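Me: Please pick one strand and look at it closely. I want its cover, its partners and the space around it.

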Amino acid sequence: MRSVFGPAVVLSGLAMFTAGHGPFGGEIEHPWKETHIGALDGRAWAGLVLAPQRDAAFALRFAFERNGRTIDGEDLFYMVSEVGPHSPDGLYARVRFDLGLPVLSAEAKSETPVYIKPSDRNDTATLEWSRVDERTAVGRMSAPRDAAIRLIQYFPWDFKGRYSLAAEDSVRGEATSAKPWRCLLWTHRAGEFSASAGGETSSLAFPPQKGQSVYFVAVVGEETAPIDRAIYRYKNTRTIDRL
């Protein structure tokens with residue numbers, strides 16, 4: 001059985017990273033001009049937001065089905081087992097989750113135990129992602145062999161739009177914005193697509209399999225053809241693995 005740390009240990013560690021003093025307080029030079037890409041939705045640590053303009057933003061997040069439990073959203077916040085590395089410019093980031101922890105009710109989530117790290121490999125889900133240019137992010141989710149993976153597409157906060165299936169392996173999003181902004185999401189495995197009635201949320205479901213991963217590419221832009229060309233460059237697992 002794994003030993004348990006008190007919540008104070010975790011909170012003190014987070015305070016060191018958020019204090020903004022010493023080596024963490026230096027100015028960072030960002031190469032990106034307009035589009036914001038990152039884990040910007042506080043309710044979706046296992047996800048990304050791509051926001052090309054002030055009135056347009058797209059988001060994706062991973063969820064899991066395991067042992068009859070649905071693990072999504074804030075459940076994963078309490079299951080984080082490793083944060084980092086995370087380069088300030090978004091060129092590489094990694095976060096790990098311990099799916100062996102209990103899924104508790106909203107009122108009891110603060111009682112989720114905190115175990116000595118690292119978490120057991122057979123219980124660990126790992127999200128890695130990299131920003132490769134102004135409007136493109138690639139990544140990989142690796143999960144336990146007995147966990148079903150769901151990749152959910154949605155519009156964060158109060159943004160609006162619609163998602164639809166573009167091809168067997170990709171989903172297209174269109175934002176409700178002053179200018180037409182679009183997002184294309186590709187996955188190396190073809191998932192089972194479903195969407196809400198108005199298309200404001202959609203998902204791709206991937207059944208469990210041995211040594212499973214889901215590789216993905218997400219691109220935002222104004223025109224469909226340039227987005228399709230941009231995503232083609234990264235549509236294979238070897239290219240993503242090299243980043």
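Reply: What follows starts with one strand and then moves outward.

This is a predicted model: local features need pLDDT of at least 70, side-chain atom pairs count only at pLDDT 80 or more, and totals for chains, interfaces and linings use all residues. Residues are numbered from 1 along each chain as its sequence is written, while side-chain values use heavy atoms, with hydrogens and water left out.

Take strand E14, residues 182-187. Strands here are DSSP runs (E, at least two residues), just as helices are (H or I, at least four), and numbering goes from the N terminus. Six of the six residues in E14 are buried, meaning under 20% relative accessible area; exposed is over 50%, and partly exposed lies in between (1.4 Å probe, protein chains only). Arg182, Leu184 and Trp186 point one way. Cys183, Leu185 and Thr187 point the other way.

Now the partners. Two strands pair if DSSP finds at least two bridges between them. E14 runs antiparallel to strand E13 (residues 170-175), with five bridges joining them. Gly173 has Cys183 as its bridge partner. Six residues form the hairpin between E13 and E14. E14 also pairs with strand E17 (residues 213-221), again antiparallel, over six bridges. Here Leu184 is partnered by Val219.

Next, the space. Rolling a probe the size of a water molecule over the atoms shows where empty space is left. A cavity is a set of points, on a 1 Å grid over the protein atoms alone, where a 1.4 Å probe fits but cannot get out; lining residues have an atom within 4 Å of a point. The model has two cavities of 30 Å³ or more. The largest has a volume of about 50 Å³, where volume is the space filled by probe spheres set on grid points, joined across faces, edges and corners.

Cys183 and Leu185 of E14 are both in the lining of the largest cavity. Others there include Leu50, Phe58, Gln153, Tyr163 and Ala218. Strand E4 (56-66) gives the most, with three residues. By class, that lining has eight nonpolar residues, one polar and no charged. Nonpolar covers Ala, Val, Leu, Ile, Met, Phe, Trp, Tyr, Cys and Pro; charged covers Asp, Glu, Lys and Arg; the others, Gly among them, are polar.

E4 leads to strand E3 (residues 47-53). E3 and E4 are antiparallel, with five bridges, and a hairpin of two residues joins them. Gly47 stands opposite Arg61 in E4. Six of the seven residues of E3 are buried, so the rest of the structure largely encloses this strand. On E3, strand E2 (residues 36-38) adds three antiparallel bridges.

Finally, the cores. A nonpolar core is a set of buried Ala, Val, Leu, Ile, Met, Phe, Trp, Tyr and Cys residues joined through side-chain atoms within 4.5 Å. The largest has 50 residues, and Phe58, Phe62 and Leu76 are among those with the most contacts inside it. E4 gives this core its largest share, eight residues. Another core, of ten residues, lies apart from it and includes Trp186, Tyr215, Ile227 and Ile231. Trp186 takes us back to E14, where it points the same way as Arg182 and Leu184.

Notes
1 Å grid on protein atoms, 1.4 Å probe; cavity = no way out; pocket = protein on both sides within 12 Å on 5 of 7 lines; lining within 4 Å.
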